[in-house]
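Open the model in a viewer and keep the sequence panel visible. The stops below each begin with a selection.

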Amino acid sequence: MFTPTPEPHPIDLIIKARWIIPVVPENRVLENCAIAIDKGRILALVPSDEAGRRFTAAETINLGSHVLIPGLVNAHGHAAMSLLRGYADDQPLHTWLNDHIWPTESRWVGEEFVRDGTQLAMAEMIKTGTTCFADMYFYPEQAAQVCLDAKMRSQISFPIFDFATSWGLGADDYFAKGLNLHDSLRATDLVNIAFGPHAPYTVSDAPLQKIAVLAQEMDMPVQIHLHETAFEVEDSLNKFGKRPTQRLMELGLLSPLTQCVHMTQITDVDIVLLQQTGAHVVHCPESNLKLASGFCPVDKLLKAGINVALGTDGAASNNDLDLFSELKTAALLAKAVAGDAAALDAHTALRMATLNGAKALGMEEKIGSLETGKFADITAIDLSGLGTQPLYNPASQLVYTHSGQGVTHVWVQGKALLLNRQLQTLDEREILGKANWWRKQIATH
């Protein structure tokens with residue numbers, strides 16, 4: 001009996017590559033395979049020669065010397081602070097904040113500053129492989145709109161302090177504005193709104209308790225700087241008689257919705273609290289090193305079953321937003337802190353920057369791995385350069401070489417944000433011009 005060959009299924013896009021690291025399943029490198037994409041989602045991962053038989057695509061891209069990975073997830077930063085890159089270097093955290101950053105922000109930060117600074121940050125992140133970032137800064141409605149315009153995925157945390165800033169008069173005002181922003185963006189898949197209490201030392205018990213209740217009721221994430229320095233922990237012990245993690249746990253703020261940023265000062269008691277509550281840790285190694293804040297025990301946390309994601313922090317304290325650079329630093333630092341060269345291997349490091357980040361942000365069902373049904377948020381890196389040769393292990397080359405320089409293509413929901421190293425949804429020349437304008441204003445006043 002004759003069985004007719006089925007007609008190829010029409011789809012939007014096929015991307016063929018020399019290697020694919022899907023992250024799920026773990027520790028897997030696929031060779032000479034393709035990703036089939038339609039309506040913004042991944043339909044299949046198949047051998048390249050099979051892709052043409054199964055699908056007829058409106059566009060096919062052949063990347064014969066590239067590796068495809070899930071788009072990187074930068075789980076913590078202050079995007080608009082890119083306009084303060086290098087402004088106040090080589091200062092300890094509290095001097096940096098109190099004597100330099102906060103006074104400058106009080107003078108200059110407004111809607112235009114946030115809009116221009118966020119665009120600068122996004123352009124840098126896209127060109128180095130990031131497809132999703134978490135932002136915590138003033139005027140979050142401006143950052144959210146820039147993300148929507150550029151078709152980039154984000155979690156935007158609206159800031160909450162006890163005191164007034166340029167964006168709000170106090171806690172009640174921050175809540176009102178932030179929740180209104182959340183309601184206005186319910187319909188989009190690209191921008192997710194979260195609570196952003198700055199830190200335990202800038203937010204009192206009542207607002208933290210309110211956040212804990214609302215977060216559970218609304219299923220909204222919470223991102224907070226936590227255990228960033230030894231001074232923060234000592235200050236909490238003096239004022240409250242307890243460590244910050246213990247205080248937050250008692251207030252109901254530690255939960256699977258909570259993203260604890262930095263966590264450089266950790267005891268076994270803190271680790272138990274993280275295990276019991278399901279809270280996530282966002283590791284920012286380069287910022288922590290630059291500000292001499294301390295060392296997050298990443299290997300110990302991972303072995304304890306705690307989800308650890310990766311963030312760059314802001315460019316004012318890093319000074320770049322290249323998550324591949326952060327990956328390398330995280331992997332090397334984890335080995336030194338653990339005293340174990342096998343700690344945080346290449347595949348685990350990649351998972352921190354992709355699926356672990358997605359999980360921390362509550363997006364693991366949508367992004368973070370190259371699996372059927374997930375959004376096609378994908379980064380392509382060219383591994384043909386001198387600095388990656390000879391190539392024995394693509395995962396190791398991605399983590400231990402300067403891979404951000406090799407990023408050539410980036411897609412979010414199947415839409416190209418970067419093609420052949422050229423930005424598609426942002427105007428690089430205009431962004432550079434605005435950055436230079438801000439430099440002149442800030443430097444001369």
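Start by selecting Thr229. Apart from neighbours within four places in sequence, Thr229 is in contact (heavy atoms within 4.5 Å) with Leu93, His94, Thr264, Gln265 and Ser293. Thr229 sits in the loop between β9 (222-226) and α7 (230-240); helices (H or I, at least four residues) and strands (E, at least two) are DSSP runs, numbered from the N terminus. A polar atom of the Thr229 side chain lies 3.1 Å from the backbone nitrogen of Glu232. Thr229 counts as buried, at 9% relative accessibility; buried means under 20% relative accessible area, exposed over 50%, and partly exposed in between (1.4 Å probe, protein chains only).

This is a predicted model, in which local features need pLDDT of at least 70 and side-chain atom pairs count only at pLDDT 80 or more, while totals for chains, interfaces and linings use all residues. Residues are numbered from 1 along each chain as its sequence is written, and side-chain values use heavy atoms, with hydrogens and water left out.

Next, select Met136, in strand β6 (residues 130-136). Met136 is buried, with a relative accessible area of 3%. Leaving aside neighbours within four places in sequence, its contacts include Gly77, His78, Ser157, Gly196, Pro197 and His225. Add His409 to the selection: Met136 and His409 are 27 Å apart, C-alpha to C-alpha, and 273 residues apart in sequence.

Now colour strand β8 (residues 191-197). Is this strand enclosed or open to the outside? Six of its seven residues are buried, so β8 is largely enclosed by the rest of the structure. Strand β7 (residues 153-160) pairs with β8 in the parallel sense over seven bridges; two strands pair if DSSP finds at least two bridges between them. To find the register, select Ser154, whose bridge partner in β8 is Val191. From β7 the chain passes through helix α5 (residues 171-184) to β8, a right-handed β-α-β crossover. Right-handed here means that, with the strands pointing away from the viewer, the path from the first strand over the helix to the second runs clockwise.

Move to the open sheet of eight strands, in the order β3-β2-β1-β4-β13-β14-β15-β16, with mixed pairing. Its edge strands are β3 (41-47) and β16 (422-423), each pairing on one side only. Within the sheet, β1 (residues 9-20) and β4 (residues 55-70) run parallel and are joined by 10 bridges. Leu13 has Glu59 as its bridge partner in β4.

Then look at some backbone details. Most residues other than glycine have a negative phi, and most peptide bonds are trans. Arg421, in the loop between β15 (415-419) and β16, has a positive phi near 70 degrees. Arg421 is partly exposed, at 38% relative accessibility. Asp90 lies in the loop between β5 (72-74) and α2 (93-108), and its phi is near 65 degrees, also positive. Asp90 is exposed, with a relative accessible area of 69%. Select Asn318 and Asn319 for a cis peptide bond with omega near 20 degrees. Another cis bond joins Gln389 and Pro390, with omega about -10 degrees; Pro390 is in the loop between β13 (378-382) and α15 (394-400).

Finally, show the whole chain. The protein chain has 16 helices and 16 strands. Of its 445 residues, 59% count as buried. The C-alpha trace spans about 80 × 45 × 45 Å along its principal axes.

Methods. Polar contact = N/O pair within 3.5 Å; in protein donor to acceptor, adjacent residues only side chain to side chain.
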